[in-house]
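Please look at the sequence and the structure together before reading on. The report that follows describes a few parts of the fold, one after another.

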Amino acid sequence: MADATDTRPLAAPRARDTPGPTAAPQQIDGLLVVDFDNRRARYDCYRTGCPQRREGPVHDGGIPEFVRTIKTEHLARYHGEQR
Ligand SMILES: [Zn+2]
């Protein structure tokens, strides 16, 4: 009776409930990255043929304005889009 090992099987994690990557969303054309630990932000553009794949980083007080405007500005400046 001194067996300390619990031989009952552990409940297996229900991995099937985890949503996996499905079809790649077409609307993702860039990624805004805000690093709160280091207080900086940047924007990575994923569009094919983009001449400026990375914007920034900007720091501290420049972050809110950057977050608000960079995608629109980038698309207008490098991809000829006005939104
Ligand atoms: Zn771009």
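## Buried residues of the helix

A residue is called buried if 20 or more other C-beta atoms lie within 10 Å of its own, exposed if 12 or fewer do, and partly exposed in between. The structure shown here is a predicted model, and in it the buried residues of helix α1 are F66, I70 and H74. An α-helix has 3.6 residues a turn, so residues three or four places apart point the same way. What covers the buried residues of α1 includes three strands, namely β1 (30-35), β2 and β3 (54-59).

L75 also lies in helix α1, but L75 counts as partly exposed because it has 18 C-beta neighbours inside 10 Å, whereas a buried residue needs 20 or more. Although L75 and C45 are 30 residues apart along the chain, their C-alpha atoms are separated by 9.2 Å.

## Shape of the helix

Helix α1 has 17 residues and reaches 23 Å from its first C-alpha to its last, which is close to the 24 Å expected at 1.5 Å a residue. The helix is nevertheless not described by its length alone, since α1 bends by about 50° at T69. After α1 comes G80, a residue whose phi is positive, near 65°.

## The largest nonpolar core

Which residues make up the largest nonpolar core? There are five in all, A41, Y43, C45, F66 and I70, and the elements that give two or more residues to this core are β2 (40-45) and α1 (63-79). The most is given by β2, with three residues. In soluble globular proteins, nonpolar side chains tend to be buried together.

One member of the core, F66, touches A41, G56 and V58 when residues up to four places away in sequence are not counted.

## A partly exposed residue in the strand

Strand β2 also holds D44. Is D44 buried or partly exposed? D44 counts as partly exposed because 13 C-beta neighbours lie inside 10 Å, while a residue with 12 or fewer would count as exposed.

Leaving aside residues up to four places away in sequence, D44 touches G30, L31, V33, R53 and R54. For one of these, L31, a distance can be added: the C-alpha atoms of D44 and L31 are separated by 5.1 Å, although the two residues are 13 residues apart along the chain.

Definitions and conventions. Residues numbered from 1 in each chain as written. Predicted model: local features only at pLDDT ≥ 70, side-chain atom pairs only at ≥ 80, totals over all residues. Core = buried A, V, L, I, M, F, W, Y, C linked by C-beta atoms within 7 Å. Helix = DSSP H or I, 4+ residues; strand = E, 2+ residues; numbered from the N terminus. Contact = placed C-beta atoms within 7 Å. Expected span 1.5 Å × (residues − 1). Bend = angle between axes of the 7 residues up to and from the residue.
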